[in-house]
Amino acid sequence: GVHVSGAKGVGMSNGLDLCERAGGEAAALAKTARPAAPPKGGPGTVQLWATITKALAMAIASSRTRAAPCGQPLTGQIRTLCMLLLSLWAVQAQESPGGAHQVSSSNSDSGKYLQSMEATAVLANRSALALFSDSKSRPRANLHHRFVFFHQRKCGGSSIRQWLAKEAHRLGIKSYIPCHGRVPCERYFVHIDQRTSSQAAIIGGHFSYAEINSFVRRFSGARDGAVVSQGNFSCISQWRNPLSRAKSCWNYRFTSPGWVPAWHNVKHVERDRALRWGLDRYGHGCLNEPVRIFADAGLHEEHVNDLCHSAGSTSSSDNATAESRTCTCSAHAGSLLRTATDNMLNCVPMVLERCEDSAEVIAALFPWMHTFDCKLHLNKGRTESRAEAATTPTRADDKLQCMLSVESQLYQVANVMLDALLHLARTQPARVASTVV
């Protein structure tokens with residue numbers, strides 16, 4: 001990691017100057033969002049700004065020698081640092097008398113870019129800063145502050161469930177995790193077994209955010225009539241590349257002898273129809289899993305599973321040109337994306353393809369738990385081969401990408417947030433936890 005200390009001589013505008021000189025996406029964002037006069041933060045904010053700015057200067061200098069700090073690609077490292085600076089500025093600007101700087105709605109390329117990145121960059125990094133600000137005072141899981149794992153299907157969550165069950169046993173904490181202890185596997189609502197689940201400090205499974213939030217408020221001593229929108233709990237969730245996750249879901253949940261063949265053996269027209277409207281025996285589809293978990297209306301399966309589809313081509317061939325199709329999203333897509341984003345930003349993301357990074361972040365934010373073992377893989381390879389998983393994407397995959405448009409945006413949010421958390425975990429986490437507001 002990059003260790004830098006001392007804020008002397010580093011102004012709050014210098015970081016954005018570096019971002020502008022870095023070029024690329026970071027420059028476009030800095031030029032558009034840059035305030036006329038940066039807000040004046042307290043000593044802790046100035047120190048944090050200086051630490052990030054100096055780390056940014058080192059990353060830019062290293063880019064000339066192609067030596068990436070912290071083991072990250074240089075362009076990603078520079079972009080992450082610039083996002084952190086912008087997010088820290090946004091937090092301070094909201095607390096300033098003049099309020100937050102408003103993004104221009106001009107038609108310039110940089111203006112369009114900032115608007116498209118608002119949810120994925122500013123909000124994600126800002127949430128990362130907030131999560132780290134709470135990490136110092138965050139208690140070990142208990143009945144007044146529960147720890148929740150939102151298990152998205154086919155994202156490697158079975159391994160995390162097993163890890164959490166073992167951690168709960170080691171710590172002497174009661175847990176409610178389907179398939180572990182005396183909790184039946186087919187449990188999708190914590191209220192069903194509320195006599196048991198209400199005594200659990202660690203909860204993990206295919207539960208929706210809305211239900212958990214309601215459950216935690218009810219069993220954490222909230223007063224009737226109290227205006228509290230968020231229950232008192234910490235949470236994590238596992239993410240996976242949407243295309244890989246959807247294929248794995250198909251092969252795991254939709255295939256059976258004499259019914260539906262494996263992904264690579266089914267005609268794409270039949271597959272598209274089944275993906276949009278087909279449900280497994282539990283009443284769930286395979287598309288937009290994070291919306292199903294995190295959106296306030298995520299249990300409306302007829303909406304969640306058919307948010308976007310590829311239209312405009314009547315060809316039955318996988319080789320239909322991309323130009324002959326357009327990606328059309330339903331009227332529900334925007335509101336579901338918004339509420340899913342709002343809720344997922346309260347949880348620490350783990351990304352299947354970045355297990356070591358995820359484990360490092362979890363260890364930094366929840367030091368009372370033993371580090372997750374990335375070598376643990378349950379339910380892997382039971383219905384799909386490694387060769388199939390590594391196949392080159394086809395034009396049929398392009399249609400699937402359209403169907404997964406909303407999930408892909410949320411996956412991008414999770415990765416941007418993980419980038420920010422990883423950087424904070426590697427640069428004086430104790431100081432960050434005590435200074436970010």
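Let's begin with a term: a residue is called buried when its relative accessible area is under 20%. Keep that in mind as we go. One caution as well: this is a predicted model.

Start with helix 9, residues 242-254. How many of its residues are buried? The count is 11 of the 13, so helix 9 is largely enclosed by the rest of the structure. Among the buried ones are Pro242, Leu243, Trp250 and Phe254. Charged names turn up in that list too, including Arg245, Lys247 and Arg253. From first C-alpha to last, helix 9 reaches 17 Å, close to the expected 18 Å. What caps its N-terminal end? Asn241 does. A side-chain oxygen of Asn241 lies 3.1 Å from the backbone nitrogen of Leu243.

Now the sheet. It is open, with 5 strands in the order 2-3-1-4-7, and the pairing is parallel. Which strands stand at the edges? Strand 2 and strand 7 do. Each has a single partner strand, so one side of each is left without a neighbour in the sheet. Helix 14, residues 355-365, packs on this sheet and touches strand 4 and strand 7. Its direction makes about 155 degrees with that of strand 7.

Stay with strand 7, residues 348-351. Strand 4, residues 233-239, is joined to strand 7 by 4 bridges. Ser237 has Pro349 as its bridge partner. Trp239 stands opposite Val351. In a regular strand, side chains alternate between the two faces of the sheet. Here, Val348 and Met350 point one way. Pro349 and Val351 point the other way, and all of them are buried.

Next, helix 17, residues 405-426. Helix 17 lies across strand 4 and strand 7, at about 105 degrees to strand 7. Look at Asn415 in this helix. Is Asn415 buried or exposed? Its relative accessibility is 14%, and the cut-off is under 20%, so Asn415 counts as buried. A polar atom of its side chain lies 3.0 Å from the backbone oxygen of Tyr411. Asn415 also touches Val351, from strand 7, and Arg354.

Last, the cores. Nonpolar side chains tend to be buried together in soluble globular proteins. The largest nonpolar core here has 88 residues. Phe150 and Ile236 touch the most other members. Which element gives this core its largest share? Helix 17 does, with 13 residues. Apart from that core lies another, of 11 residues. Ala246 is one of its members, and Ala246 is also among the buried residues of helix 9. That brings us back to where we started.

Notes:
Residues numbered from 1 in each chain as written. Predicted model: local features only at pLDDT ≥ 70, side-chain atom pairs only at ≥ 80, totals over all residues. Heavy atoms only, no water. Helix = DSSP H or I, 4+ residues; strand = E, 2+ residues; numbered from the N terminus. Expected span 1.5 Å × (residues − 1). Buried < 20%, exposed > 50% of the residue type's maximum accessible area, 1.4 Å probe, protein only. Polar contact = N/O pair within 3.5 Å; in protein donor to acceptor, adjacent residues only side chain to side chain. Contact = heavy atoms within 4.5 Å. Pairing = 2+ DSSP bridges. Core = buried A, V, L, I, M, F, W, Y, C linked by side-chain atoms within 4.5 Å. Axes fitted to C-alpha atoms, helices over the stretch in contact; angles between N-to-C directions. Lists of a residue's contacts leave out its neighbours within four places in sequence.
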